[in-house]
Structures are given as C-alpha cells and as structure tokens.
Amino acid sequence: MKLVFALITGLVFGTGIAVSGMMDPAKVLNFFDIAGTWDPSLAFVMGGALVVTFFGYRFAFKRSAPLFGGRFQVSSSTDIDLKLVGGSALFGIGWGIAGFCPGAAIPALGTGRWEVALFLVAVVAGFFLRRLVAPIRPAQAAR
Amino acid sequence: METTFTPFTSFGGGLAIGLGAVLLMLGLGRVFGATGILSGAVFVESRDDLSWRLALIVGMVLAPGLIFVIIGSMPELNVPISPVMIVVGGVIVGLGASLGSGCTSGHGVCGLSRLSVRSLVAVPTFMATAAITVFLIRHVFGG
C-alpha cells in the first residue's frame, strides 16, 4: 500500500512537472534569460507549488506521525556554511548550462528522449564526484 | 529560441507539484527533493528505503505517458544544448546539488514553504548563478 501511495505521489508530481513546462530546457533557460528571450512562466510554477506546500505542510504536521508510520524527517539545521552556498552556486551554474534540474529530468525520462538519460547519468556521476570531494557524514545526506 | 508565456498551465502544474510534495510528507514523512530521492536510490541504505524511492521514481517517469494518454501528445521538450554541455551541466548539477543538500524541489518548493533558513540562502544563490551562467553563455560568449 505504501509503495502504491509512493507511485501515485510520484505520478502527481511528475504530471505537474510535465504540465508546468519545467521539463522543457528551452523554457527553463528562457526563464533565466532576462536580457534575451525572457519567458517568466516558471515563476508561476514556483508560486503554485509554494501555495500548496505552505498550507499543505502545516496540515500534514498537525498529525503526530506520517500515514505510513515512522516520523516526519525534516532538517532543522540552520548552518549557513560553504558547502551550502558553494554547492548551491554550483548547482545553479549546472542548471544554467544544461537547462534540466533533477526534479524535472526524472519525469522527463518518460518521454524517451536520450538527452534526458544522458543528463541523469551525468548527475549521478556528479553524486560520486561529491563523495570524492567531501566524504559524507550520515547526518548530512542530501534531501 | 522563443517560448510561449504560459502563466495558467505553469501555475496549474505548480499546484500539482506542490500536491505531490505534500502527499509525500503526509504519507511517508519525507521532503520531496529530487536530488535526495535519486541519490538515496543510488547509495542504498536498506531494501525498504530503496523500495519507496523506486516506486516514487517509477511514478514520476510514468507522468509523460499519462499526459500522452490524456491529450494525445508528449509534453514539450526542446534541448537547445549540445551533448557535451548536457554532460558538463549534469555533472555540475549532481555535484552542486548534493554538496548544497538540495535543488529546485528540495530547497525551492519544500524548503521555502517551511521557511528553512538554509533554503532561503540556497534558492537565491542558485537562481542568481543560473541567471549569470545563461547571460554569459548567450550574451557574452555568444552561445
């Protein structure tokens, strides 16, 4: 049941990505190209998503535990360190080069386009590179 | 290339993205961060942990197929980037997002709605570096 729930959750998220235009690198890159062929659509994606999560999370956190057991696993860290700022800066550079981010590329894999598969293989290579650069302590695994 | 401004479908897609994020928190107590979900499926902790990640990923990948069944065509996906740049961008995305503990979905959607201080730093950082990268590629080096 938990796995069916996870599958449907992924489908809802992925459908949102597909409808929103997030999985189209041409549109993503135009969002950042304010000095050129600017397309501000993606600000509306973030707006729509935040409206739902802002209120939806508050609704979810009224429960003492998630529906399928365990606990709510959210980071309470407030550390602003070089890893956070440098890593985020790097992520933006990569996003600006390729036009895909991970949350858009995973659903985009379903279009069967080879460029998406190539991107995701490169992302996973980046995960391995990260472990070479700075070894992971269990408490700080990525979200 | 020009892309069409789509405020309504983008906002609607954003609502579904937010709903997916809320469902994952409500059901499994997890943040819907694509980087963390993917990296947890690569560096496996346990069979139970892997199973919900794979179910979620399969659901995401099925989304374009669902769109195809409903409207008769795949979502728009134009890749105005060379394969070499897709790989370069992908590796930097994987490295940066894992170092910075999150990407557009983890820090952007889930982190901002929780008013996480780390996300409030991460999101403007990667938005800025993405915009600078696109500006340099398209308007300085002449893409």
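What follows walks through a predicted model of two protein chains, A and B, and the way they meet.

Starting with the chains themselves, chain A is built from six helices and zero strands, so to speak an α-α-α-α-α-α run when read along the sequence. Chain B likewise has six helices and zero strands, and from the N terminus on its elements go α-α-α-α-α-α. As for dimensions, the C-alpha atoms of chain A fill a box of roughly 50 × 35 × 30 Å along the principal axes. For chain B, the C-alpha trace spans about 50 × 40 × 30 Å, again along its principal axes.

Next comes the interface. Here 111 residues of chain A are in contact with 112 residues of chain B. The size of an interface is often given as the accessible area lost when the parts come together. Put that way, the area buried between chain A and chain B comes to about 10,100 Å², and carbon and sulfur atoms give 76% of that buried area.

Polar and charged pairings turn up across the interface too. The rule picks out 24 residue pairs in polar contact between chain A and chain B, counting pairs with both residues at pLDDT 80 or more. On the chain A side, the elements that give two or more residues to the surface touching chain B are α1 (2-20), α2 (25-32), α3 (41-60), α4 (82-98), α5 (102-108) and α6 (114-133). Sorted by class, that side of chain A has 67 nonpolar, 28 polar and 16 charged residues. The salt-bridge count between the two chains is three. A salt bridge joins the side chains of Lys2(A) and Asp48(B), with 3.7 Å from N to O.

Finally, there is a greasy spot on the outside. A nonpolar surface patch of about 800 Å² draws on both chains: chain A supplies Phe44(A), Val51(A), Phe54(A) and Phe55(A), while Phe5(B), Phe11(B), Leu15(B), Leu115(B) and Leu120(B) come from chain B. Two elements give two or more residues to this patch, namely α3 of chain A and α1 (7-28) of chain B. The largest share, four residues, comes from α3(A), and Phe44(A) is one of the patch residues that lies in this helix. Helix α3 of chain A thus turns up twice in this account: among the elements on the side touching chain B, and as the source of the largest share of the nonpolar patch.

Technical notes
Residues are numbered from 1 along each chain as its sequence is written. Chains are lettered from A and ligands numbered from 1 in the order in which they are written. This is a predicted model: local features need pLDDT of at least 70, side-chain atom pairs count only at pLDDT 80 or more; totals for chains, interfaces and linings use all residues. Side-chain values use heavy atoms; hydrogens and water are left out. Contact means heavy atoms within 4.5 Å. Buried area is the accessible area (1.4 Å probe) that two parts lose on being put together, summed over both. A salt bridge is a side-chain nitrogen of Lys or Arg within 4 Å of a carboxyl oxygen of Asp or Glu. A polar contact is a pair of N or O atoms within 3.5 Å; within protein, one must be able to donate a hydrogen and the other to accept it, and residues adjacent in sequence count only if both atoms are side-chain atoms. Ala, Val, Leu, Ile, Met, Phe, Trp, Tyr, Cys and Pro count as nonpolar, Asp, Glu, Lys and Arg as charged, and the others, Gly among them, as polar. Patches are made of residues with over 30% relative accessible area and no salt bridge: like charges are joined within 9 Å, nonpolar side chains (Val, Leu, Ile, Met, Phe, Trp, Tyr) within 5 Å. Accessible areas come from the Shrake-Rupley method with a 1.4 Å probe; for residues, only the protein chains shown count as cover.
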